[in-house]
Amino acid sequence: MRILITGGAGFIGSALVRYLLSETTHEILNLDKLTYAGNLESLASIADSPRYQFVQADIADAATVNRTLSDFQPDAIMHLAAESHVDRSIDGPAAFIQTNIVGTYALLEATRTYWSGLNSSRQSSFRFHHISTDEVYGDLHGVNDLFTETTPYAPSSPYSASKAASDHLVRAWHRTYGLPVLITNCSNNYGPYHFPEKLIPLMILNALEGKPLPVYGNGQQIRDWLYVEDHARALFKVVSEGQVGETYNIGGHNEQKNLHVVETICSLLEELAPQKPSGVAFYRDLITYVKDRPGHDLRYAIDASKIERELGWVPEETFESGLRKTVQWYLNNLDWCRHVQDGSYQRERLGA
Ligand SMILES: NC(=O)c1ccc[n+]([C@@H]2O[C@H](COP(=O)([O-])OP(=O)(O)OC[C@H]3O[C@@H](n4cnc5c(N)ncnc54)[C@H](O)[C@@H]3O)[C@@H](O)[C@H]2O)c1
């Protein structure tokens with residue numbers, strides 16, 4: 001297959017590109033605008049592969065997307081490009097509306113034009129796979145409730161509302177135009193190459209520098225954590241074996257309170273990085289409680305039984321094994337982190 005991936009320089013996109021190039025023989029084109037979240041250093045290990053190409057472009061730039069589709073002739077598009085950080089969506093929703101809604105619309109239209117021009121056998125095997133989040137479902141209050149593929153949408157933040165809108169567009173392009181789409185809604189990911197503004201890397205890096213570990217509210221919010229490489233495997237399963245028009249929820253069966261996540265990171269650091277910054281007796285002493293995020297969802301938890309039953313996917317990592325690997329990865333890759341923190345990952349790609 002020739003697979004066009006949007007957002008392949010981001011956290012999950014880069015894991016997917018690395019996975020596809022190392023575990024399959026498919027050809028990959030990564031189309032990414034390289035916003036602050038796009039980091040080509042996350043793709044250094046595969047950048048020289050003859051099966052990999054990179055195009056820097058905005059998904060809303062119809063001329064460039066049309067040209068790329070017609071030159072590359074993909075058999076599938078896996079659409080991950082998005083603005084993805086909830087806090088940023090609260091501070092400035094405009095970019096989220098533009099990329100997640102208008103950008104997805106533009107990409108769907110470019111794809112429809114390209115797909116309409118394929119012969120009938122290529123039309124029927126073509127796939128447009130839209131990668132989305134469990135945050136479109138809002139939050140759960142009953143302790144045993146789970147999000148299923150039929151849970152009504154009730155997004156809380158500008159981020160999740162924009163992703164919900166994009167999911168609706170993708171479904172409509174299937175119902176109205178027959179575009180062969182697949183949608184996946186996944187829980188919180190964690191793992192290597194995660195941008196340091198997100199909870200898990202932020203806590204690891206702050207702890208190593210002896211800085212406070214800011215926990216929102218009382219830290220009792222529950223998230224269902226999935227190791228990013230398990231997500232990449234699930235995405236490949238869905239794009240190659242999923243039923244057209246279907247939605248698959250992807251989750252890790254790893255519900256954890258935010259405070260517990262931070263405490264576990266502290267315990268792992270005690271073991272893996274015992275040389276603490278001066279003045280720090282225990283990493284957990286750095287935990288501080290900060291004002292809760294407005295509209296903060298209390299609990300997310302995914303029922304991933306459909307993808308398990310129909311496609312035979314199950315996560316390989318437990319929270320304990322995945323978090324240990326993640327903490328160790330950050331300890332081994334402090335240069336990657338430093339380049340993000342000092343902005344040099346962006347200067348280098350501009351040739352500065
Ligand atoms: N991170 C999670 O826990 C999680 C969970 C479920 C679903 N998702 C979804 O998975 C996808 C990827 O998430 P992520 O965490 O890797 O995000 P990310 O923010 O790390 O990466 C997003 C990538 O998209 C690129 N991009 C942004 N706007 C673009 C545009 N207009 N045109 C082209 N490229 C653009 C960025 O440069 C970046 O490389 C998103 O759609 C997100 O909604 C994320």
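How do the residues of the shell around the ligand divide into nonpolar, polar and charged? There are 13 nonpolar, 13 polar and 5 charged residues in that shell. Here Ala, Val, Leu, Ile, Met, Phe, Trp, Tyr, Cys and Pro count as nonpolar, Asp, Glu, Lys and Arg as charged, and the others, Gly among them, as polar.

Before we go on, a word about the model. It is a predicted one, where local features need pLDDT of at least 70 and side-chain atom pairs count only at pLDDT 80 or more, while totals for chains, interfaces and linings use all residues. Residues are numbered from 1 along each chain as its sequence is written.

**Around the ligand**

In total, 31 residues surround the ligand, and the closest are Gly7, Gly10, Ala37, Gly38 and Ala82. A residue is near the ligand if its C-beta atom, placed from the backbone, lies within 6 Å of it. Helix 1, helix 4 (94-116), strand 5 (127-133) and strand 7 are the elements that give two or more residues to this shell. Helices (H or I, at least four residues) and strands (E, at least two) are DSSP runs, numbered from the N terminus.

**Helix 1**

Let us look at helix 1, residues 11-23. The expected span of a helix is 1.5 Å times one less than its number of residues. The 13 residues of helix 1 should therefore span 18 Å, and its end C-alpha atoms are indeed 18 Å apart. Its buried residues are Phe11, Ile12, Gly13, Ser14, Ala15, Leu16, Val17, Arg18 and Leu20. A residue is buried if 20 or more other C-beta atoms lie within 10 Å of its own, exposed if 12 or fewer, and partly exposed in between, with C-beta atoms placed from the backbone. The cover over these buried residues includes strand 1 (2-6), strand 2 (27-32), strand 4 (76-79), strand 7 (188-190) and helix 8 (228-241). Such contact asks for C-beta atoms, placed from the backbone, within 7 Å.

**Strand 6 and its partners**

Strand 6 (residues 181-186) is mostly covered, as 6 of its 6 residues are buried. In a regular strand the side chains alternate between the two faces of the sheet. In strand 6, Val181, Ile183 and Asn185 point one way, while Leu182, Thr184 and Cys186 point the other way.

Two strands pair if DSSP finds at least two bridges between them. Strand 6 pairs with strand 5 in the parallel sense over 6 bridges, and threonine 133 stands opposite cysteine 186. From strand 5 the chain crosses through helix 6 (residues 158-177) to strand 6, in a right-handed β-α-β crossover. Right-handed means that, with the strands pointing away from the viewer, the path from the first strand over the helix to the second runs clockwise. Strand 6 also pairs in the parallel sense with strand 10 (residues 247-250), over 4 bridges; there, asparagine 185 stands opposite asparagine 249.

**Some loop residues**

The table lists loop residues that count as partly exposed.

| Residue | Loop between | C-beta neighbours within 10 Å |
|---|---|---|
| Leucine 34 | strand 2 and strand 3 | 18 |
| Aspartate 61 | strand 3 (52-56) and helix 2 (62-72) | 17 |
| Glutamine 73 | helix 2 and strand 4 | 13 |
| Asparagine 333 | helix 11 (319-332) and helix 12 (334-341) | 14 |

Phi of leucine 34 is near 60°, a positive value in a residue other than glycine. Glutamine 73 has a positive phi too, near 55°. As for asparagine 333, its C-alpha atom is separated by 9.0 Å from that of tyrosine 193, 140 residues apart along the chain.

Conventions:
Two residues are in contact if their C-beta atoms, placed from the backbone, lie within 7 Å.
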